[in-house]
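Me: I should like to study this structure through a few questions. Please display it.

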Amino acid sequence: MRMLRVHHVTKRYGQTVAVDELSMTVNPGEIVGLLGRNGAGKTSLFQCIAGISRLDQGSIEVCGHSMQSSSEHAKMKLAYLPDVPEFFDGLTVVQHAMLWAMIYGTSKAEAVAVVKDCGLDDHGHLEPAVLSRGEQQLFLLRLALARKPSVLVLDEPLTGLDPIVIQEVKALVVDAARAGASVLLSSHNLPLVAELCTRVCFLVEGRLMTESDVQTHSVEELESRFLDLHAIRS
Ligand SMILES: Nc1ncnc2c1ncn2[C@@H]1O[C@H](COP(=O)(O)OP(=O)(O)OP(=O)(O)O)[C@@H](O)[C@H]1O
């Protein structure tokens, strides 16, 4: 079964068409990289996929569950990390982990294990907002992965991270894909995309340039395709 299916999705903000009749699928084990200029529509698409932004047209399916008509089921199968980590005000690291366990029906022991795996035992009483960018990102990613989502959507997951945290995030993402997750991520970091992704798609003004899907790619190839696509349209 195709894990993530995006079918003719359009998202508008007033007169702005952020996502334009976009269709794509991400299959189990794939790590699909979405490249596009600032404002191309990546975050808008991801928010539609995650069910936190209403579509103007089209449909999203996660493991066969419609994000429109069966969003509770779809959301249980999907984990989404926004480009800027988001937390609840007034809740500590441990309280976030416990809330996560309650929402997703996992054990408190797993929640405690996530805090430990993140090396946050001594910071459990702090609000996540005061943690470093890397600590926040790893905390959210490990929380997301601990419930073994079938679909993982990551908006610029490596921005602002040091090289050691980058290695850790990459390893977690690869492990998740090897275990069968369908991964969709955006990044402006071409070397990372070339190394990590099994397939790359280009988004130009809300439209997917499907002819630019590439199965094997070097940084140079990605860069030249990126530049070509935008030169064609300028
Ligand atoms: N809440 C909003 N209201 C109005 N316009 C919006 C809103 N969110 C995004 N847009 C517009 O939609 C378009 C796509 O923006 P989006 O944030 O999805 O792009 P992006 O590819 O994620 O960009 P970046 O790489 O800079 O993060 C842009 O023209 C943006 O100005």
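Me: Which residues does Gly180 touch, not counting residues up to four places away in sequence?
Reply: This is a predicted model, in which local features need pLDDT of at least 70, side-chain atom pairs count only at pLDDT 80 or more, and totals for chains, interfaces and linings use all residues. Residues are numbered from 1 along each chain as its sequence is written. Two residues are in contact if their C-beta atoms, placed from the backbone, lie within 7 Å. With those up to four places away in sequence left out, the residues that Gly180 touches are Pro28 and Gly29.

Me: Is Gly180 buried or exposed?
Reply: A residue is buried with 20 or more other C-beta atoms within 10 Å of its own, exposed with 12 or fewer, and partly exposed in between, with C-beta atoms placed from the backbone. Because Gly180 has 12 C-beta neighbours inside 10 Å, it counts as exposed.

Me: Which element gives the most to the shell around the ligand?
Reply: A residue is near a molecule if its C-beta atom, placed from the backbone, lies within 6 Å of it. Among the residues surrounding the ligand are Tyr13, Lys42, Thr43 and Ser44. Helices (H or I, at least four residues) and strands (E, at least two) are DSSP runs, numbered from the N terminus. Two elements, β2 (16-26) and α1 (42-49), give two or more residues to this shell, and the one that gives the most, with three residues, is α1.
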